[in-house]
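Okay, thanks for squeezing me in. Let's put the structure up and walk through a few places in it.

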Amino acid sequence: FEHEGWATTPEAATEFLATPSTDWMAIRAAICVLEVAETGCTAYLLEQDATCSGFQHVALLTRNRALAEAVNATITEVRGDLYALLAADTHVATELGITDRQARSLMKPIVMLTGYGSGAAGIASNMWDDHAGARIWDEEKQQAIPDPEGCIVLHGHTFTYENLEAWIKPMQTALFDKFPIIKDCRNACMKYMQDTLMANPAVFAWDTPNGFRCHRQILPSEQAADSVSDAGAMPNLIHSLDGCVVQYTIEEWDGVLGVVHDAFFTTIDRALELRDTVRSAYGRTHSNLGGFPIKWKDEALEIGLCVGV
């Protein structure tokens, strides 16, 4: 709670709850503190997130230790933080005059979307909308585009859309320069999708390590318009491994459990036990990939904490 900036004493919790807020996580935390103070117990479910599950799976699939250490997917002496690492390499905090934590938050969506294949234009478009950037109608493209005369403000710094796109590109370069294995994995996923659709243009399908059949039907209209891009191959394949981890965790767990993608919730008294169960699920997933189509031949890495680091 202290790390998140939430209340840690009954007095602080009472003061926080006296003022309206929409920070629901902080509200839950404050109620938890009061529950414990008044009753000695709480129904609070502790959330433990993966530190970048997408790149954890990429690292474990490709047996790449450097990337695995950066995302806590293998045993390390110090905690890895991919987003903070890239933020430091690109000097974001110094450039914008912000804290390291703010720089990390700014870097996170750029790193994630870049790894899955988004270009600087797409990422800039998302950031433009997130910061209420103006759009104008483009008759030729028949869609709204960022207003070239408009601007947004990031931490007190003004960016036009052109500036924003140019600012993002070096960060993307830094990611691939440091971890070229990400691009290798993405290329392998795209090739698999291309080969699959060449054999049968009506379906993109594969098996997860536990035998679950993933099936993406390609509609005749999509085929005619050639509108299904292989850029979606890596997100689909990698996210199916997240699903496999969730299924293995559910299989083994016998208590209260909540799951949101790569975040796992349970009561505080069993939090560390759940962390070990999720870690075991990662191990099961990557020690026997079964019919999963993307594989590297090198020896598997020892599984790190992955969640709740």
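Let's start with Glu-302. Leaving out residues up to four places away in sequence, Glu-302 touches Ala-73, Thr-74, Ile-75 and Arg-279. Before I go on, this is a predicted model, so please hear everything as computed from that prediction. Where does Glu-302 sit? You'll find Glu-302 in the segment after α13, the helix that runs 271-287. Is Glu-302 buried or exposed? Glu-302 counts as exposed, because its relative accessibility is 51% and the cut-off for exposed is over 50%. And look at Arg-65: Glu-302 and Arg-65 are 237 residues apart along the chain, yet their C-alpha atoms are separated by 9.6 Å.

Let me zoom out for a minute. The protein chain has 309 residues, and buried ones make up 44% of them. You've got 13 helices and 9 strands to look at. Taken along the principal axes, the C-alpha atoms fill a box of roughly 65 × 55 × 40 Å. The chain exposes about 16100 Å², and carbon and sulfur atoms supply 53% of that. On contacts: if you take those between residues at least 6 apart in sequence, 59% join residues at least 24 apart.

For those of you who think about charge, there are 22 positive and 42 negative side chains in the chain. The centres of those two sets lie 8 Å apart.

Next stop, helix α10, residues 181-199. Helix α10 has 19 residues and reaches 27 Å from its first C-alpha to its last, close to the 27 Å expected at 1.5 Å a residue. Which residues of α10 are buried? They are Ile-181, Ile-182, Cys-185, Arg-186, Cys-189, Met-190, Met-193, Thr-196 and Leu-197. Notice that there's an arginine in that list, Arg-186. And what do the buried residues of α10 pack against? The helices there are α3 (53-62), α4 (65-70), α7 (100-115), α9 (161-178) and α12 (233-252), and there's a strand as well, β6 (203-207).

One of those partners is α7, so let me stay there a moment and pick out Leu-113, which is found in α7. Leu-113 is partly exposed, with a relative accessible area of 28%. Setting aside neighbours within four places in sequence, Leu-113 is in contact with Ser-118, Ile-123 and Asn-126. If you want to place Leu-113 relative to α10, take Ile-181: the two are 68 residues apart in sequence and 16 Å apart in space, C-alpha to C-alpha.

A little further along is Ala-120, in helix α8, residues 120-130. Ala-120 counts as buried because its relative accessibility is 6%, and buried means under 20%. Again not counting residues up to four places away, Ala-120 touches Glu-165, Ile-168, Lys-169 and Gln-172. Ala-120 and Leu-96 are 24 residues apart in sequence, and their C-alpha atoms are 19 Å apart in space.

Now the cysteines, since somebody always asks. How many disulfides does the structure hold? The number is 0. Take Cys-214: the nearest cysteine sulfur belongs to Cys-244, and it's 9.3 Å away. Cys-214 is in no disulfide, because a disulfide needs the two sulfur atoms within 2.5 Å. Turn it around and Cys-244 has the sulfur of Cys-214 as its nearest, at 9.3 Å, so Cys-244 is in no disulfide for that reason too. Both count as buried: Cys-214 at 11% relative accessibility, and Cys-244 at 0%.

Two other cysteines caught my eye for their backbone. Most residues other than glycine have a negative phi. Cys-52, though, has a positive phi of about 70°. Cys-52 lies in the loop between β1 (45-49) and α3, and counts as buried at 6% relative accessibility. The second one is Cys-306, where phi is also positive, at about 65°. Cys-306 lies in the segment after α13, and that's where we started, with Glu-302. Is Cys-306 buried or exposed? Cys-306 is buried, with a relative accessible area of 0%, whereas Glu-302 counts as exposed at 51%.

That's my tour. Happy to spin the model around if anyone wants to see one of these spots again.

Technical notes
Residues numbered from 1 in each chain as written. Predicted model: local features only at pLDDT ≥ 70, side-chain atom pairs only at ≥ 80, totals over all residues. Heavy atoms only, no water. Helix = DSSP H or I, 4+ residues; strand = E, 2+ residues; numbered from the N terminus. Buried < 20%, exposed > 50% of the residue type's maximum accessible area, 1.4 Å probe, protein only. Contact = heavy atoms within 4.5 Å. Areas by Shrake-Rupley, 256 points an atom, 1.4 Å probe, with all protein chains shown as cover. Lys, Arg positive; Asp, Glu negative; His and termini not counted. Charge placed at Lys NZ, Arg CZ, Asp CG, Glu CD. Expected span 1.5 Å × (residues − 1).
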